[in-house]
Amino acid sequence: MPAPKKTARRSLLVTSASVLSSLALTAAPAFAAPSPSPSSSSSSASSSSASPSTSPSATPPAKMSTVGGARLGQAGTQVNLASGVPVLPKGLTARSWIVTDAESGDVLASNNAHWRLPPASTLKMLFADTLLPKFAKTEKHKVVPSDLADIGAGSSLVGIKEGETYTVHDLWLGVFLRSGNDAVHVLSAMNDGVDNTVKQMNEQAEELQALDTDVVSPDGYDQPGQVSSAYDLTLFARSGLQNPDFREYCSTVTAKFPGETKKNKKGKTVRKSFEIQNTNRLLSGDYDISQYQGIAGVKNGNTTNAGATFTGVAERNGKVLLVTVMNPSKNEHNEVYKETAKLFDWGFKAAGKVEPVGELVPPKSAAQASAQPGASGEAGEAGGADSSAKPVAGATAEGGSGGIGIALAITGGLLVLLAGAAFLVNRRWPLPDLVRRRSRP
């Protein structure tokens, strides 16, 4: 399959940079990472607590993967600070984090990017990458008892009931908004079972060159040997955002979900719906944190072994960034979102000024195809069962999910010409379709 013609790299738009506090870093060297104690927090609605399994080390290994660049395999903070580049924010306590340009794939800064840690429900991004293209939104499934077997104790649930029928659209809303392990298991049952789904997820991780990841449970529930990394989670988000359905679900704030069929007082059989809200607090807000300006997803998680994990995408002044944060040691409410917001703020100020320390690699098939001599070609957007879907223009408009908004907008000048379904962009893998969320009044 022919590869696309080379595209000129877009100049970076930069917001004015206010000086963040005084962490004095020089260009190029690695810095020692903090050594937070292992998390012992119980699970939240984002995912579940599980049977005890071996907790990860409190310190990163001396040698880690170098996928994306040699510096990403070094322990500690990696950033190139020079004149005009804002210093990193104070108070970052996460074991691992990464700030990347979602379009160019540049890694602007990182801390233990390849540290293999429990991912919690952020692993559901890989689940969606793997299964979203397999089923039409309108397909219906009647839940049988075996669909809900072996869901871990304490799992986050959207409220699926045996004997009830749900559309695939309903199930994906349950996965993304409520991080419902019950929705994951029903979709896995539709995909010939959990074991088959886990196998396919591991194959998809390998295709994405997410080599830090080993999937044991499709929902991110704590299991021995189940690990990923901030780098890999960012690859999953970037891959998923190629799919318009993924963008829709991860940016939906609230939606209606089908309830249980019951008889009302008049004896009539009715099935009412109930409202569900996205547990991504940078998207929905909370009493101690506001919706982040420009946020458009992606996925959060929290388990006993993983602590709090989060990958987010945000757009500001034409620049789209991805930030992943894993397991802050600071034990404050919504800390993972607060640290993510700090890193977003830094990234938007640093973009166009800071020299990258690495890059997000393209999928294996794209890298191989782009290496073929004489590769060239043109095509439209790739990725997703509904690649022709039109975006919703406003964040407060009612969408098909009944939520309070799916903020998506096409930026035609930034479309990448892709050959067929392959992502062939000469080591760069820009988003073919930018995701935007208008700030609230």
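This is a chat about the helices, rings, cores and charge pairs of one predicted protein model.

Visitor: Okay, what am I looking at, and how many helices and strands are there?
Guide: It's a predicted model, so keep that in mind as we go. The protein chain has nine helices and 12 strands.

Visitor: What share of the residues is buried?
Guide: Of the chain's 441 residues, 58% count as buried. As for the surface, the chain exposes about 17,200 Å², and 51% of that comes from carbon and sulfur atoms.

Visitor: And what about contacts between residues that sit far apart in the sequence?
Guide: Take the contacts with a separation of 6 or more: 73% of them are between residues 24 or more positions apart.

Visitor: Cool. Which residues touch the most other members of the largest nonpolar core?
Guide: That core has 62 residues, and the ones with the most touching members are Ile160, Trp172, Phe176, Tyr231, Phe236 and Phe246. Helix α2 gives the largest share of this core, seven residues.

Visitor: Is there a general idea behind cores like that?
Guide: In soluble globular proteins, nonpolar side chains tend to end up buried together.

Visitor: Let's pick one. What is phenylalanine 236 in contact with?
Guide: If you skip the neighbours within four places in sequence, phenylalanine 236 contacts Leu123, Met125, Leu126, Asp129, Ala205, Leu208, Ala210, Thr213 and Ser228.

Visitor: And what lies apart from that largest core?
Guide: Another core, of 33 residues. Val79, Val85, Val99 and Val336 are among them.

Visitor: Switching to rings. How many aromatic pairs are there?
Guide: The structure holds nine. One of them is tryptophan 172 with phenylalanine 176, a tilted pair with 6.2 Å between centres and 50° between the planes.

Visitor: Where do tryptophan 172 and phenylalanine 176 lie?
Guide: Both are in helix α2, residues 168-178. They're four residues apart, which is about one turn of the helix. Tryptophan 172 and phenylalanine 176 are both buried, too.

Visitor: What about phenylalanine 310 and tyrosine 337, what kind of pair do they form?
Guide: An edge-to-face one, 5.1 Å centre to centre with 65° between the planes. Phenylalanine 310 is in strand β10 (residues 307-316) and tyrosine 337 is in helix α8 (residues 335-350), so the pair ties together parts 27 residues apart in sequence.

Visitor: Are those two buried or exposed?
Guide: Phenylalanine 310 is buried, at 0% relative accessibility. Tyrosine 337 is buried as well, with a relative accessible area of 6%.

Visitor: Which residues form an aromatic cluster?
Guide: Phe127, Trp172, Phe176, Phe246 and Tyr249 form one.

Visitor: Phe246 and Tyr249 again... where are those?
Guide: In helix α6, where the buried residues include Phe246 and Tyr249. That helix, residues 244-251, is mostly covered: eight of its eight residues are buried.

Visitor: What do the buried residues of α6 pack against?
Guide: They pack against α1, α2, α5, α7 (281-284) and β9 (295-303).

Visitor: One more ring thing: what sits over the ring of tyrosine 166?
Guide: The charged end of arginine 271, 4.8 Å from the ring's centre.

Visitor: Charges, then! How many salt bridges are there?
Guide: There are 11 salt bridges in the structure. One of them joins the side chains of arginine 116 and aspartate 214, at 2.7 Å from N to O.

Visitor: Where do arginine 116 and aspartate 214 lie?
Guide: Arginine 116 is in the loop between β4 (106-111) and α1 (124-131), and aspartate 214 is in the loop between α4 (194-207) and α5 (230-240), so this pair links parts that are 98 residues apart in sequence. Arginine 116 is partly exposed at 37% relative accessibility, and aspartate 214 is partly exposed at 36%.

Visitor: Got another one?
Guide: Sure, aspartate 345 and arginine 316 meet in a salt bridge at 3.9 Å, N to O. Aspartate 345 is in helix α8 and arginine 316 in strand β10, so they tie together parts 29 residues apart in sequence.

Visitor: Why does arginine 316 count as buried?
Guide: Because its relative accessible area is 17%, and buried means under 20%. Its partner, aspartate 345, is partly exposed at 28%.

Visitor: Last one: which residues do shared salt-bridge partners join into one network?
Guide: Lys137, Asp245 and Glu248. Asp245 and Glu248 are among the buried residues of α6.

Methods: Residues are numbered from 1 along each chain as its sequence is written. This is a predicted model: local features need pLDDT of at least 70, side-chain atom pairs count only at pLDDT 80 or more; totals for chains, interfaces and linings use all residues. Side-chain values use heavy atoms; hydrogens and water are left out. Rings of Phe, Tyr and Trp (its six-membered ring) pair if their centres lie within 6.5 Å; planes under 30 degrees apart count as stacked, over 60 as edge-to-face and the rest as tilted. Helices (H or I, at least four residues) and strands (E, at least two) are DSSP runs, numbered from the N terminus. Buried means under 20% relative accessible area, exposed over 50%, partly exposed in between (1.4 Å probe, protein chains only). A charge sits over a ring if NZ of Lys or CZ of Arg is within 6 Å of the ring centre and within 35 degrees of the ring normal. Contact means heavy atoms within 4.5 Å. Accessible areas come from the Shrake-Rupley method with a 1.4 Å probe; for residues, only the protein chains shown count as cover. A nonpolar core is a set of buried Ala, Val, Leu, Ile, Met, Phe, Trp, Tyr and Cys residues joined through side-chain atoms within 4.5 Å. A salt bridge is a side-chain nitrogen of Lys or Arg within 4 Å of a carboxyl oxygen of Asp or Glu.
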